[in-house]
Amino acid sequence: MRTCHCLPLLIWTYMFYIVDAIPLEENTSSHLPSRKTVSLTKDDGKVLHRTKRGWMWNQFFLLEEYTGTDTQYVGKLHTDQDKGDGNLKYILTGDGAGSLFVIDENTGDIHAAKKLDREEKSLYILRAKAIDRKTGRQVEPESEFIIKIHDINDNEPKFTKDLYTASVPEMSEVGTPVIQVTATDADDANYGNSAKVVYSILQGQPYFSVDPESGIIKTALPDMSRENREQYQVVIQAKDMGGQMGGLSGTTTVNITLTDVNNNPPRFPQSTYQFSSPESVPLGTPVGRIKANDPDLGENAEMEYQIAGGDGADMFDVTTDKDTQEGIITVKQNLDFEKKMLYTLRVDASNTHPDPRFLNLGPFKDTAIVKISVEDIDEPPVFSKLSYLIEVDEDVKEGSIIGQVTAYDPDAMNNLVKYSVDRHTDLDRIFSIHSENGSLFTLKPLDRESSPWHNITVTATEINNPKQSSHIPVFIRILDINDHAPEFAMYYETFVCENAKPGQLIQTVSVMDKDDPPRGHKFFFEPVPEFPLNPNFTIVDNKDNTAGIMTRKDGYSRNKMSTYLLPILIFDNDYPIQSSTGTLTIRVCACDNQGNMQSCNAEALILTAGLSTGALVAILLCVIILLILVVLFAALKRQRKKEPLIISKDDVRDNIVTYNDEGGGEEDTQAFDIGTLRNPEAREDSKLRRDVMPETIFQIRRTVPLWENIDVQDFIHRRLKENDSDPSAPPYDSLATYAYEGNDSIADSLSSLESLTADCNQDYDYLSDWGPRFKKLADMYGGDDSDRD
């Protein structure tokens, strides 16, 4: 049997017609054999005949929620290839095959095995085929068909919300829409009236109504007032089957609130208000509050207050408190009991957002009379200013007057006032005040760098009534003076490479100053005057408060000098000029060709010899022990005998004791009284030196009486000897000089101007024979390598 693929569509269309036109009982007992032949013509003119398959359908629709005892019959599959001998086998596949729908494989009858629900699934797509049992071959191609579930009214309407909330303005016209409610029915809207919903109102009449078709709730009464009733609860019912008897229904609740509109003017609860105010209240002080009532809400109840007239319109003002909607009466000008004791105001209260629809109800404002009486009181002292600002230099002397505050008694009695400083604001007691005239003066030195501002409080109190007092803040600004010297901003670790070239920058230094000049800092850098020309380094002032350290020679050696000390004189440009000397420590380091530091320690020179760490530590300990022994030996030797302090040019002391009398030479005996040097009382007065801290281990030394008539030269030599042998004498920062030149030197002149102009080096070995005083000179010029060094 030959079939065409369009046959299922024709069968489906035909069966719809049969089901709708023939009752169910007739459908179940009728068979519709269908055998058709289609002729196809090829190009060669031969006619081919193809026989279509024929399926027998008894039912395509199935009722949901079937409650019968037997399984519900769906339909029958049958092909004209079936001879009734049981040789064919019918197979059903697709949605629910085998579970919801079962087929008798011999007869092709299909039954529903379970109760079906259209709301869960409204149609099922199935496929059927017939197979020869002996050969297993399909005698008909697999065909697809649809089983549709017929609906019954088994679902009630359900609203999208169980509770609705809506609002509508009060005083709305009848028919004003409020809200739309919606109910849905799960039944089939295309089959009967099971899903046709009608709305009705069960609760909420006569205030509201509902449209039965759309579910829109509308107002039903005019001029509903929120002030009378604000909340309404409306119950809406939705019923299917078009609202007919037997239909299913559902309900929902709608809470409707009437919103406020400005339909009420403000009204004062009383026509007259009375307040009192002391005469000494500050400007802006509230005197009293008034309030007009408005039953409206929100911005509809907002109002503003204005003074409409009265003899106190210039003395008082009224403002509106936005939170409480009250009118606040405040003092606008200073009150004086002696001038006027009673003021009258006329105050209006009006809405700020009137509704034009309700202006016909009358003016939306009200007026009240406010009477204010002035009280006479004893007022505290009043300062001439609200605050004081005083500027004072930080170098002001203690006890100096830096400013003055003034206060007076505003009462008619004009009591005297005394002043004091609140010590809670001046815990360090830096300032004080004259109790009678209010003059402020300092008690301690001031320092701007530690405290640039001082905020103190001054109290003025009536002498006859100490309870009456006033306080005033006094802001004291300390003005800066240039009392700090600039110094390095940080500690610099500077190094110079052994292979450095002249003119290389090795360090840039910056400075800081605790002072704060008004024109900003300006610093200058120079070499110290003692060493104006350094042969190793140059100080370059960059003119931007920094200085660069430049190399001055070609190459440095760690063997000869591992560390250089470079003193730098730093000074500012303020008045008076402050300066300081900062010393820069420069280490000589080994560097690579790019100038990167590799090593700066002196021990690095020894490491290449292959010494171990333990050997280096042992060598270092030995060196330290030797240095300690040398220092002890030198100290003991110095105690035994000290060289005069004046023999070294490098020994420069800060304190110089001089006799301010030049005299007329050695022959002048009238220039000064030489007897002063021989005065026993002047010489033997045992006064402690102020530059030497006394120690108990040193006993006070008294010199041998020298009041006998001795020579001055002999006297000075003895003093020198005592000073050399005194363990408590300098070296300290002091220089003792004696106005005696002494005899001529036994040696000839050492000036090189008189030296012989010979090619050979001069011989200075004879300097070693001149004694210990010329030892240092002999070390400098004696020896073969003195000139080269």
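This tour proceeds through selected residues of the structure, stop by stop.

The model is predicted: local features require pLDDT of at least 70, side-chain atom pairs count only at pLDDT 80 or more, and totals for chains, interfaces and linings use all residues. Residues are numbered from 1 along each chain as its sequence is written, and side-chain values use heavy atoms, with hydrogens and water left out.

**Aromatic pairs**

Select Phe-159 and Tyr-199. A search of the whole structure finds 12 aromatic pairs; rings of Phe, Tyr and Trp (its six-membered ring) pair if their centres lie within 6.5 Å, and planes under 30 degrees apart count as stacked, over 60 as edge-to-face and the rest as tilted. The ring centres of Phe-159 and Tyr-199 are 6.2 Å apart and their planes stand at 50 degrees, so this pair is tilted. The pair links distant parts of the chain, 40 residues apart: Phe-159 belongs to strand S10 (residues 158–159) and Tyr-199 to strand S14 (residues 198–203). Helices (H or I, at least four residues) and strands (E, at least two) are DSSP runs, numbered from the N terminus. Phe-159 counts as buried at 11% relative accessibility, and Tyr-199 is buried with a relative accessible area of 7%. Buried means under 20% relative accessible area, exposed over 50%, and partly exposed in between (1.4 Å probe, protein chains only).

Next, select Phe-488 and Tyr-492. Their ring centres lie 5.7 Å apart with the planes at 85 degrees, so the pair is edge-to-face. Both Phe-488 and Tyr-492 are buried.

**From the cis bond to the loops**

Move to Pro-206, in the loop between S14 and strand S15 (208–210). The peptide bond that leads from Gln-205 to Pro-206 is cis, with omega near 5 degrees. Then select Tyr-207, Phe-208 and Tyr-232, which form one aromatic cluster.

Select Met-171 in the loop between strand S11 (163–169) and strand S12 (177–180). Its phi is near 65 degrees, a positive value in a residue other than glycine. Met-171 counts as partly exposed, at 24% relative accessibility.

Asp-223 follows, in the loop between strand S16 (216–219) and strand S17 (231–239). Although Asp-223 is not a glycine, its phi is positive, at about 55 degrees. With 53% relative accessibility, Asp-223 counts as exposed.

Continue to Gln-244, in the loop between S17 and strand S18 (249–259). Gln-244 is partly exposed at 47% relative accessibility. Add Asn-193 to the selection: the C-alpha atoms of Gln-244 and Asn-193 are separated by 9.5 Å, while the two residues are 51 apart along the chain.

**Surface patches**

Select Asp-393, Asp-395, Asp-447 and Asp-483, which form a negative surface patch. Patches are made of residues with over 30% relative accessible area and no salt bridge (a side-chain nitrogen of Lys or Arg within 4 Å of a carboxyl oxygen of Asp or Glu); like charges are joined within 9 Å, and nonpolar side chains (Val, Leu, Ile, Met, Phe, Trp, Tyr) within 5 Å. Asp-395 sits in the loop between strand S27 (388–393) and strand S28 (401–404), and at 47% relative accessibility Asp-395 counts as partly exposed.

For the final stop, select Val-617, Leu-620, Leu-621, Ile-624, Ile-625, Leu-626, Ile-628, Leu-629 and Leu-632: they make a nonpolar surface patch of about 860 Å². Leu-620 is located in helix H4 (residues 613–640) and counts as exposed, at 52% relative accessibility.

Methods
Accessible areas come from the Shrake-Rupley method with a 1.4 Å probe; for residues, only the protein chains shown count as cover. Lys and Arg count as positive and Asp and Glu as negative; His and the chain ends are not counted. The place of a charge is taken as NZ of Lys, CZ of Arg, CG of Asp or CD of Glu.
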